[in-house]
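Here's a quick briefing to read with the model open in your viewer. Have a look around first, then come back for the details.

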Amino acid sequence: MIRYSGLNLVLQGLRGHRGWAPVWRSAAPKSRYDVILIGGGGHGLATAYYLAKNHGITNVAVIEKGWIGGGNSGRNTTVIRSNYYYRESAELYDFSLRLYEQLAREINYNIMFSQRGMVVTAHSRHDMELAARWVGAMRRNGVDTDLIGVSEIASRVPALDVSPAARFPVHGGFVQPRAGTARHDAVVWGYARAASSLGVDIIEGCEVTGFIHAADGSSVVGVETSAGPIMADKLGMAVAGHSSVLADMAGFRLPVTSYALQAFVSEPLKPALDTVVLSLATGMYISQSDKGGLVIGGGLDRYSSYAQRGNAPVIRDVIGAVAEQYPRFRRVRLLRHWAGIVDVMPDSSPVIGETPVPGLYINCGWGTGGFKAIPVGGWTLAHHIATGKPHPVAAPFNLGRFKTGALIDEAAASGIAH
Ligand SMILES: Cc1cc2nc3c(=O)[nH]c(=O)nc-3n(C[C@H](O)[C@H](O)[C@H](O)COP(=O)(O)OP(=O)(O)OC[C@H]3O[C@@H](n4cnc5c(N)ncnc54)[C@H](O)[C@@H]3O)c2cc1C
């Protein structure tokens with residue numbers, strides 16, 4: 001793997017840029033691997049990288065039915081934060097944030113991580129009381145969060161209408177200074193490059209169509225794919241919106257519901273917004289990309305679906321919220337909008353770890369918020385697959401909690417738009 005550096009950029013420039021190697025090796029499937037990971041999104045690729053890097057397991061394949069990053073990891077609004085409510089979530093997401101903080105250096109790939117902060121706005125006295133409660137919980141869990149007043153919000157977000165006559169008057173809010181954004185494709189490509197350079201096979205255009213079980217039916221020992229059967233000692237799956245489809249193939253049921261989640265990008269503007277802002281009243285959140293486009297998101301579509309079109313009422317609500325809250329953006333043209341299919345668990349928290357099928361591990365249920373968790377999702381699933389034991393940070397997020405009742409109910413708790 002060529003190291004990316006200023007010196008190599010100059011040297012390659014002198015050679016007419018003909019010496020760059022492909023970012024990752026495109027591999028043909030072998031007949032057997034130590035570990036197969038299904039799904040070439042951020043979580044599958046990060047799991048492969050940490051299996052190789054942290055545990056020395058390099059005979060690994062990532063199998064992706066389309067192209068890597070073609071799922072939600074390349075479709076999201078790139079917000080990274082750890083301001084969740086419960087201690088278990090704070091530990092999980094803050095671990096991820098800390099991994100993100102050193103990721104570019106570690107994998108020698110510019111993921112454009114920008115810790116521009118995130119402001120959450122409260123629009124009533126009741127919102128403010130909740131905000132104070134959230135901030136108390138987050139600070140107790142060691143997450144950098146501060147309650148802020150209207151004047152500080154006005155100075156951090158000049159484009160936001162904070163006047164008392166606003167349709168959504170701002171009463172205050174909270175800020176996480178270490179939150180921010182990263183380039184989503186770069187996270188996927190960076191992990192792919194790092195995993196590939198350690199020996200992991202990345203197999204694109206190969207769909208898993210079924211599981212191969214041991215003769216006594218006790219465990220899974222491989223997968224049927226569009227390129228034929230491939231055997232493995234252990235399997236992991238991180239297929240986001242299609243987790244229940246794959247679980248069904250493997251012979252178990254997941255308490256998961258799949259919804260479309262939409263995102264919007266405007267034409268490029270001069271710098272106008274240098275933080276991420278989420279409104280508790282409208283669920284709309286907005287940031288500005290390095291290219292200048294406003295990146296806008298909102299809540300889930302209102303019915304479950306695998307259709308990646310997205311529906312009109314959500315478009316109206318989200319764009320209406322932008323127009324009401326940011327008068328100066330009213331005439332900005334949208335370039336495009338799209339949807340991804342996200343998998344939501346009943347308690348709005350993810351699942352990391354074993355499945356009821358021996359040999360098969362799962363990472364799913366991130367709903368609207370798994371981009372921020374790609375490093376920790378990969379790190380902890382790799383740990384579980386390699387050692388046979390849950391990573392302490394991921395242990396509470398086992399599938400068994402839906403039997404024991406030990407739920408981590410973040411649905412309303414952290415102000416997320418589920
Ligand atoms: C519009 C939108 C906005 C979002 N905004 C944010 C945000 O701001 N911050 C945040 O933290 N999160 C956000 N998310 C959520 C985040 O994108 C996801 O939680 C995360 O990307 C999930 O990553 P993954 O690797 O698990 O899944 P994916 O990236 O979806 O990868 C799964 C892969 O599995 C493949 N696959 C499926 N079935 C098969 C099969 N049978 N065989 C082989 N391959 C298969 C798919 O093709 C896909 O590439 C957003 C999501 C959307 C849709």
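What follows is a short tour of the ligand site, two helices and a few residues worth a click.

Keep in mind that this is a predicted model. The ligand has 37 residues around it, and the protein covers 96% of the 1000 Å² of accessible area that the ligand has on its own. After the ligand, the bullets turn to α2 and α4, then to some loop residues, two of which have a positive phi without being glycine.

**Around the ligand**

- Coming nearest to the ligand are Glu64, Asn72, Ser73, Thr77 and Lys372, out of 37 residues in the shell.
- The side chain of Glu64 puts an N or O atom 2.6 Å from an oxygen atom of the ligand.
- Backbone atoms join in too: an N or O atom of the Thr78 backbone sits 3.3 Å from a ligand oxygen, and a polar backbone atom of Thr368 is 3.1 Å from a ligand nitrogen.
- Which elements give two or more residues to the shell? They are α2 (42–55), β12 (257–268) and β16 (334–344).
- Of the elements, β12 gives the most, with 3 residues.
- Sorted by class, the shell has 15 nonpolar, 17 polar and 5 charged residues.

**Thr77 and His184**

- Thr77, one of the residues that come nearest to the ligand, lies in the loop between β2 (60–63) and β3 (79–80).
- Thr77 counts as buried because its relative accessibility is 9%, and the cut-off for buried is under 20%.
- The side chains of Thr77 and Tyr285 are joined by a polar contact of 2.5 Å.
- Setting aside neighbours within four places in sequence, Thr77 is in contact with Ala263, Tyr285, Val295, Ile296 and Gly297.
- His184 lies in helix α6, which covers residues 184–197.
- With a relative accessibility of 13%, His184 counts as buried.
- Not counting residues up to four places away in sequence, His184 touches Ser73, Gly74, Arg75, Asn76, Thr78 and Phe371. Among these, Ser73 is one of the residues that come nearest to the ligand, and Thr78 has the backbone atom 3.3 Å from a ligand oxygen.

**Helix α2**

- α2 has 14 residues and reaches 19 Å from its first C-alpha to its last, close to the 20 Å expected at 1.5 Å a residue.
- Why is α2 described as largely enclosed by the rest of the structure? Because 11 of its 14 residues are buried.
- The buried residues of α2 are Gly42, His43, Gly44, Leu45, Ala46, Thr47, Ala48, Tyr49, Tyr50, Leu51 and Ala52.
- After α2 comes Gly56, which has a positive phi, near 70 degrees.

**Helix α4**

- α4 (residues 125–140) has 16 residues, and its first and last C-alphas are 23 Å apart, close to the 22 Å expected at 1.5 Å a residue.
- Buried residues in α4 are Asp127, Met128, Ala131, Trp134, Val135, Ala137 and Met138.
- Those buried residues pack against β4 (118–122), β5 (146–148) and β6 (172–176).
- Gly142 follows α4, with a positive phi near 85 degrees.

**Loop residues to click on**

- Most residues other than glycine have a negative phi.
- Met112, though not a glycine, has a positive phi of about 55 degrees.
- Met112 is found in the loop between α3 (87–107) and β4, and at 33% relative accessibility it counts as partly exposed.
- Asn110 is found in the loop between α3 and β4. A polar atom of the Asn110 side chain lies 2.8 Å from the backbone nitrogen of Met112.
- Is Asn110 buried or exposed? Asn110 is exposed, with a relative accessible area of 57%.
- Apart from residues up to four places away in sequence, Asn110 touches Ala104 and Ala186.
- From C-alpha to C-alpha, Asn110 and Gln176 are 23 Å apart in space, and they are 66 residues apart in sequence.
- Ser348 is another residue other than glycine with a positive phi, near 60 degrees.
- Ser348 lies in the loop between β16 and β17 (351–354), and its 9% relative accessibility makes it count as buried.

Key. Residues numbered from 1 in each chain as written. Predicted model: local features only at pLDDT ≥ 70, side-chain atom pairs only at ≥ 80, totals over all residues. Heavy atoms only, no water. Near = heavy atom within 4 Å. Polar contact = N/O pair within 3.5 Å; in protein donor to acceptor, adjacent residues only side chain to side chain. Areas by Shrake-Rupley, 256 points an atom, 1.4 Å probe, with all protein chains shown as cover. Helix = DSSP H or I, 4+ residues; strand = E, 2+ residues; numbered from the N terminus. Nonpolar A, V, L, I, M, F, W, Y, C, P; charged D, E, K, R; others polar. Buried < 20%, exposed > 50% of the residue type's maximum accessible area, 1.4 Å probe, protein only. Contact = heavy atoms within 4.5 Å. Expected span 1.5 Å × (residues − 1).
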